[in-house]
2 protein chains.
Amino acid sequence: MMVRKFPLAPLERIAKKAGVERVSLNAVKEIRNAVLEAAETIASDAVVASEHAGRVTVKAKDIRLACR
Amino acid sequence: MMVRKFPLAPLERIAKKAGVERVSLNAVKEIRNAVLEAAETIASDAVVASEHAGRVTVKAKDIRLACR
């Protein structure tokens, strides 16, 4: 899925903190792809969790359940 | 891990595209936590992959291997 303007700089900072010394631009873009995919999956699962609880608003606990 | 300025707006857009109608601010922050954790894990694994290949630069293929 394409998402406009999802920033690369914070992802590069995270990579550096995780021990990456040097990283190619394409690698950071690949991290972005992976992260977007993870966010999508979590969000979809959280919708199911919120509906299961009889709500239309997704709450933090739905996200936590979706991450389990 | 704390990362300054990791934006919530793109994550909310992703959630909306994934079928979320309404979402609490805390839920979006929880998505951010999950996403940051995923990015950290991927980045750490990618460092191992790049070292394994005798490189100091993390490339896109290291990220792809780390995501498998």
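1. By what turn, and with what shift along the axis, can chain A be laid on chain B? In this predicted model, a turn of 180 degrees and a shift of 0.0 Å along the axis lay chain A on chain B with an RMSD of 0.0 Å, the copies being superposed by least squares on the C-alpha atoms of residues with pLDDT of at least 70 in both. The two copies are thus related as by a two-fold rotation axis, and in chain A the C-alpha nearest that axis belongs to Val35(A), at 2.9 Å from it.

2. A word on conventions: residues are numbered from 1 along each chain as its sequence is written, and chains are lettered from A and ligands numbered from 1 in the order in which they are written. Local features need pLDDT of at least 70, side-chain atom pairs count only at pLDDT 80 or more, and totals for chains, interfaces and linings use all residues, while side-chain values use heavy atoms, with hydrogens and water left out.

3. On confidence, chain A averages a pLDDT (the predictor's confidence in each residue, from 0 to 100) of 92, and 94% of its residues score at least 70. Among the elements of chain A, which are DSSP runs numbered from the N terminus (helices, H or I, of at least four residues; strands, E, of at least two), helix H1 (residues 9-17) has the lowest mean pLDDT, 93, and strand E2 (residues 57-58) the highest, 97. For the complex, the predictor gives an ipTM of 0.85 and a pTM of 0.87.

4. The copies meet through the same surface, because 100% of the interface residues of chain A are also interface residues in chain B; contact here means heavy atoms within 4.5 Å.

5. Across the interface, helix H2 (residues 25-52) of chain A packs against helix H3 (residues 60-67) of chain B at an angle of about 25 degrees, with their axes 7 Å apart. Axes are lines fitted to C-alpha atoms, for helices over the stretch in contact, and angles run from 0 to 180 degrees between N-to-C directions. H2(A) and H3(B) are therefore roughly parallel to each other (angles under 35 degrees count as roughly parallel, over 145 as roughly antiparallel, 65 to 115 as roughly perpendicular and the rest as oblique). On the H2(A) side, Asn26(A), Ala27(A), Glu30(A), Ile31(A) and Ala34(A) meet Ala60(B), Ile63(B), Arg64(B) and Cys67(B) of H3(B).

6. Within chain A, H1(A) and H2(A) pack at an angle of about 100 degrees, their axes lying 9 Å apart, and that makes H1(A) roughly perpendicular to H2(A). Leu11(A), Glu12(A) and Ala15(A) of H1(A) make this contact with Val28(A), Ile31(A), Arg32(A) and Val35(A) of H2(A).

7. In chain B, helix H2 (residues 25-52) has 28 residues and reaches 41 Å from its first C-alpha to its last, close to the 40 Å expected at 1.5 Å a residue, where the expected span is 1.5 Å times one less than the number of residues. Just after H2(B), Gly54(B) takes a positive phi of about 75 degrees.
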